[in-house]
Amino acid sequence: MSTQFELSDDHQDLRAVVADFARNEVAPNAARWDREHTFPLETVQKMGELGLFGLHAPEEFGGTGDFTGLCVAIEELGAVDQSLGITLEAGVGLGINPIVNFGTQEQKDRWLPDLVAGKALAGFGLTEPEAGSDAGATRTKAELTDGEWVVNGAKQFITNSGTDITSVVTVTARTGTREDGRPELSAIMIPNGTEGFTVEPAYDKLGWHASDTHPLTFENVRVPEANLLGPRGRGYAQFLSTLDDGRVAIAALGLGCVRACRDLAVEYAGTRQSFGGPIGRKQGVAFQLADLDVAAHVGHLLVYSAAAMKDAMPAQPSKKQLAAYKRAAAIAKLHTSEAAVTATRIAAQIFGGYGFIEEYPVARFYRDAKILEIGEGTSEVQRMLIARGLGLPVE
């Protein structure tokens, strides 16, 4: 695809490497992992050996500091298995990035080497039973007592939180009340295995069956005061910043889904015979496939223009630059997530009865796609952010 956001030779080489890995290591096993709800630990560790978890990390910790490259890798994995794509996206965007962006040197030295190498995974706990998009409704509390944070509460829908290599989960918690009466939210790192920290049984999800997702509970969990991530009271602002990058990365995952559905449906439409010829010769089918191609093309432009903005961002960006990036991230996430849901519906329809059979990947993509419109900011939240970018006082 030739665009003004043409990927560099290095990114094209990376795409080829990840595509080969996805084709040979992931594709033959994806259906089984999905069917058995298996988290493929060995494959995830191989992703680490390829350097995929370090694509956006600083060079001093073995990374390359390349956000565009991370999006390329997520897209290629997502075109074969959305579960592996979200494992990488969350492992970097929600696990590594907060430590990179807000951690002390001691925190970085302790946690990043294994996370960047894919030898460990980290999670981030924001969502609660009554606090999703409304993070201000957070009920988890952390009290500073005798040099320790004592954490009580619960989180839900937390990715990479219960694997055999999960090392730490960062959670947002109320650490006080502001002068205006709003809760003071801070981010606190809780190592796996800390007394009182319980990883509850995994969810029985509609899709992403090979992705690790759990509710978490905290009962008088004690961690050192030094486990505060970033300044006290800045937890909510930190997470909002983290979400901007996450939205672009989720958009890359959605782009992989759109691409996969387009390619699978085009191949099927060219071989499935009906009324004396391939069904792809019928305008009713061909026009839908043309629409998928348009969606993939637009998605590519949106994802990689936003990624280029991130990579070009100065160390101290202006408010105007941050606002432009936030808007670009929301637009990319909104378009590709909704396009992915539409693409899976069209692909399943073109496959007919076979689209309803788990033997064919389109059925798995159909189940996996819906969460893209919900996770890391719902479609409604993206529309709100875009409208605010237009100067509208949207609540």
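This briefing describes the domains of the structure, the contact between two of them, and a few of its residues. The model is a predicted one, and the protein is divided into domain 1 (9–121), domain 2 (123–232) and domain 3 (235–390). Domain 1 and domain 3 touch, with 27 residues of domain 1 in contact with 30 residues of domain 3, and four salt bridges are counted between these two domains.

**Annotated spans**

- An unreviewed UniProt entry lists residues 8–119 as "domain: Acyl-CoA dehydrogenase/oxidase N-terminal"; over these residues the chain is 73% helix and 0% strand, and the C-alpha atoms at the two ends are 29 Å apart.
- The feature "domain: Acyl-CoA dehydrogenase/oxidase C-terminal", also from UniProt (unreviewed entry), is placed at residues 233–390; this span is 75% helix and 3% strand, with its end C-alpha atoms 29 Å apart.

**Where domain 1 meets domain 3**

- The C-alpha centres of domain 1 and domain 3 lie 20 Å apart, and the area buried between the two domains is about 2,200 Å², of which carbon and sulfur atoms give 57%.
- Of the area that domain 1 buries against domain 3, Phe67, Glu75 and Gln82 supply 30%, which is more than any other three residues.
- Between domain 1 and domain 3, nine residue pairs are in polar contact, with both residues of each pair at pLDDT 80 or more.
- On the side of domain 1 that touches domain 3, the elements that give two or more residues are helix 1 (9–36), helix 3 (67–78) and helix 4; helix 4 gives the most to this side, with nine residues.

**Salt bridges**

- Side chains of opposite charge can pair when their charged atoms come close, and the count of salt bridges in this model comes to 21.
- The side chains of Asp34 and Arg367 meet in one such salt bridge, at 2.7 Å from N to O. Asp34 lies in helix 1 and Arg367 in helix 9 (residues 361–369), so this pair ties together parts that are 333 residues apart in sequence.
- Both partners of that pair count as buried: Asp34 has a relative accessibility of 8%, while the value for Arg367 is 14%.
- Arg367 also forms a salt bridge with Glu358, where the closest N and O atoms are 3.0 Å apart; Glu358, at 46% relative accessibility, counts as partly exposed.
- Arg259 forms a salt bridge with Glu76, the closest N and O atoms being 2.9 Å apart, and these two residues belong to a network of salt bridges that links Arg15, Glu75, Glu76 and Arg259.
- The side chains of Arg182 and Asp180 meet in a salt bridge of 2.7 Å, N to O; Arg182 is exposed, with a relative accessible area of 52%.

**Leu84 and its surroundings**

- Leu84 lies in helix 4, which covers residues 82–102, and this leucine counts as buried because its relative accessibility is 0%, where buried means under 20%.
- Leaving aside neighbours within four places in sequence, Leu84 is in contact with Val26, Trp33, Pro40, Thr43, Val44, Met47 and Leu77.
- Among these contacts, Met47 is 37 residues away from Leu84 along the chain, and the C-alpha atoms of the two residues are separated by 9.5 Å.

**Helix 10 and the residue after it**

- In helix 10, which covers residues 379–389, the buried residues are Ser379, Val381, Gln382, Leu385, Ile386 and Ala387.
- These buried residues of helix 10 pack against helix 6 (235–271) and helix 8 (319–351).
- Just after helix 10, Gly391 takes a positive phi of about 90°.

Methods
Residues numbered from 1 in each chain as written. Predicted model: local features only at pLDDT ≥ 70, side-chain atom pairs only at ≥ 80, totals over all residues. Heavy atoms only, no water. UniProt positions renumbered as here; feature names shortened; annotations may be inferred. Helix = DSSP H or I, 4+ residues; strand = E, 2+ residues; numbered from the N terminus. Buried < 20%, exposed > 50% of the residue type's maximum accessible area, 1.4 Å probe, protein only. Contact = heavy atoms within 4.5 Å. Domains from an automatic or database assignment. Buried area = accessible area lost by both parts, 1.4 Å probe. Polar contact = N/O pair within 3.5 Å; in protein donor to acceptor, adjacent residues only side chain to side chain.
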